[in-house]
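Okay, everyone, thanks for coming. Let me put the sequence and the model up, and then we'll walk through it together.

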Amino acid sequence: MAGPSGQQPRTPLRSRPAVRRLIGFAVITAIALVFIFENTTSVEIRLLIPEVTMPLWGALLIAWALGILGGMFMLRYRRRR
């Protein structure tokens with residue numbers, strides 16, 4: 001039903017589904033980044049054949065970024081179906 005000025009009633013910002021997902025994503029991202037950057041020791045990582053020595057935060061950041069990209073790819077794939 002239209003209001004007195006002919007406009008649709010506005011829904012509160014927090015009740016919108018996209019905003020609720022964004023808030024959850026932001027909270028989880030902040031927690032993950034704190035965890036990643038708190039782990040600063042160097043570790044040896046085997047990448048199939050070569051063994052690489054790098055800071056643990058770098059390896060965790062790479063794994064986190066690959067997880068985000070994989071999630072975005074799956075959401076895009078699901079929308080097309």
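**A walk through the model**

Let's start with how far we can trust this. In the protein, confidence is lowest in helix α1, residues 17–38, with a mean of 85, and highest in β1, at 92. Keep in mind that this is a predicted model. The average pLDDT for the protein is 82, and 81% of the residues score at least 70.

So what's in there? You'll find 2 helices and 2 strands, and going from the N terminus the order is α-β-β-α. The protein has 81 residues, and buried ones make up 6% of them. If you take the contacts with a separation of 6 or more, 26% join residues 24 or more positions apart.

Now, the helices. How do α1 and α2 cross? Helix α2 covers residues 56–80, and its axis comes within 8 Å of the axis of α1, with a crossing angle of roughly 155°. Anything over 145 degrees counts as roughly antiparallel, so that's what we call α1 and α2.

And who is touching whom? On the α1 side we have Phe25, Thr29, Ala32, Leu33, Phe35, Ile36 and Phe37. They meet Trp57, Leu60, Leu61, Trp64 and Ile68 from α2. Sort the residues of that contact by type and you get 11 nonpolar, 1 polar and no charged.

Okay, on to the strands. Strand β1 is residues 42–46, and strand β2 is residues 51–55. They pair in the antiparallel sense, over 5 bridges. Together they form a hairpin, with 4 residues between them.

Here's one for you: is β1 buried or in the open? Of its 5 residues, the number buried is 0, so β1 lies largely in the open.

Let's look across the hairpin at which residues face each other. Arg46 stands opposite Glu51 in β2, and Ile45 stands opposite Val52, also in β2.

Let's stay with Val52 for a second, since we've just met it in strand β2. Is Val52 buried, exposed or partly exposed? Its relative accessibility is 28%, and that counts as partly exposed. Leaving out residues up to four places away in sequence, Val52 touches Val43, Glu44, Ile45 and Leu47. So Ile45, its partner across the hairpin, turns up among those contacts as well.

Last stop: the turn. Which residue there has a positive phi? That would be Leu48, which sits in the loop between β1 and β2. Its phi is near 60°, a positive value in a residue other than glycine. And Leu48 is exposed, with a relative accessible area of 82%.

To recap, we've got an α-β-β-α order, two helices that run roughly antiparallel, and a hairpin made of β1 and β2. Okay, over to you for questions!

Note on methods. Residues are numbered from 1 along each chain as its sequence is written. This is a predicted model: local features need pLDDT of at least 70, side-chain atom pairs count only at pLDDT 80 or more; totals for chains, interfaces and linings use all residues. Side-chain values use heavy atoms; hydrogens and water are left out. Buried means under 20% relative accessible area, exposed over 50%, partly exposed in between (1.4 Å probe, protein chains only). Two strands pair if DSSP finds at least two bridges between them. pLDDT is the predictor's confidence in each residue, from 0 to 100. Axes are lines fitted to C-alpha atoms, for helices over the stretch in contact, and angles run from 0 to 180 degrees between N-to-C directions. Angles under 35 degrees count as roughly parallel, over 145 as roughly antiparallel, 65 to 115 as roughly perpendicular and the rest as oblique. Contact means heavy atoms within 4.5 Å. Ala, Val, Leu, Ile, Met, Phe, Trp, Tyr, Cys and Pro count as nonpolar, Asp, Glu, Lys and Arg as charged, and the others, Gly among them, as polar.
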